[in-house]
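Visitor: Please give me a close look at one part of this model, residue by residue, and then place that part in the whole.

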Amino acid sequence: MLGEHRYSVRTTWTGDRGSGTSGYRDYDRSVTLTVPGKPELLASADKPFRGDATRWNPEDLLLSALSECHLLSYLHACVKSGVVVVAYEDTALGILEEDGRGGGAFREVVLRPHVTIEAESMRDAATAAHAQANEWCFIANSVNFTVRHEATISVRAEKPA
């Protein structure tokens with residue numbers, strides 16, 4: 001299916017302590033993200049930027065989007081190549097560098113998926129599916145920094161008879 005897909009989110013700042021943004025330390029970075037039909041997501045800036053460490057921050061969300069997009073693209077690639085995935089877990093790492101002028105950018109993201117497949121005979125195709133997933137991932141294709149993969153693959157232990 002080709003076409004244009006539109007997404008929307010309502011972002012509401014909830015951090016006014018009574019004097020608005022009268023000073024850098026005078027307001028919270030609390031935000032509520034709302035998408036129709038989904039639970040609200042409580043967000044903030046990251047702790048080093050005067051945010052609430054208990055809430056999701058933009059950096060968490062970007063890293064999560066890359067990790068989940070790769071997972072979903074990978075599962076699709078596996079189905080198309082006959083690989084049966086029985087478990088998948090990723091421990092992703094993002095490296096953000098501040099530029100000294102108040103901004104910054106992600107330099108790199110490393111996805112570290114650990115995939116469990118049904119049979120040893122599927123290992124080569126399971127490994128190759130990561131490259132295909134990277135080509136298909138909408139989010140990875142939308143960023144201007146490197147998204148690397150350090151995947152490990154194991155085979156599900158045979159069930160006792």
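Guide: Thr-21 lies in the loop between strand 1 and strand 2 of this predicted model. Helices (DSSP H or I, at least four residues) and strands (E, at least two) are runs numbered from the N terminus. Thr-21 is exposed, with a relative accessible area of 57%; exposed means over 50%, buried under 20% and partly exposed in between, with a 1.4 Å probe and protein chains only. Apart from neighbours within four places in sequence, Thr-21 is in contact (heavy atoms within 4.5 Å) with Trp-13 and Tyr-27.

Residues are numbered from 1 along each chain as its sequence is written, and side-chain values use heavy atoms, without hydrogens or water. As the model is predicted, local features need pLDDT of at least 70 and side-chain atom pairs count only at pLDDT 80 or more, whereas totals for chains, interfaces and linings use all residues.

Tyr-24 is in the loop that runs between strand 1 (10-13) and strand 2 (31-34). Setting aside neighbours within four places in sequence, Tyr-24 has contacts with Arg-29, Phe-49 and Arg-50. From C-alpha to C-alpha, Tyr-24 is 43 Å from Tyr-74 in space, with their positions 50 residues apart in sequence.

Arg-50, one of the contacts of Tyr-24, leads on to another loop. Arg-50 sits in the loop between strand 3 and helix 1. The phi angle of Arg-50 is positive, about 70°, although the residue is not a glycine. Arg-50 is partly exposed, at a relative accessible area of 37%.

Asn-57 is also placed in the loop between strand 3 (41-43) and helix 1 (58-81). Asn-57 counts as buried because its relative accessible area is 4%. Beyond neighbours within four places in sequence, Asn-57 is in contact with Ser-44, Ala-45 and Asp-46. With Asp-46 there is a polar contact of 3.4 Å between the two side chains. A polar contact is a pair of N or O atoms within 3.5 Å; within protein, one must be able to donate a hydrogen and the other to accept it, and residues adjacent in sequence count only if both atoms are side-chain atoms. A polar atom of the Asn-57 side chain also lies 2.9 Å from the backbone nitrogen of Glu-59.

Towards the other end of the chain, Ala-157 belongs to the segment after strand 9 (152-155). Ala-157 is exposed, with a relative accessible area of 63%. Between Ala-157 and Thr-116 the C-alpha distance is 9.5 Å, at a separation of 41 residues in sequence.

Now for the whole. The protein has 2 helices and 9 strands, in the order β-β-β-α-β-β-β-β-α-β-β from the N terminus. Its C-alpha atoms fill a box of roughly 65 × 40 × 35 Å along the principal axes. The radius of gyration is 20 Å, against near 15 Å for a compact globule of 161 residues; this value is taken over C-alpha atoms, and the globule rule is 2.2 Å times the number of residues to the power 0.38. Of the 161 residues, 28% are buried. Of contacts between residues at least 6 apart in sequence, 53% join residues at least 24 apart.
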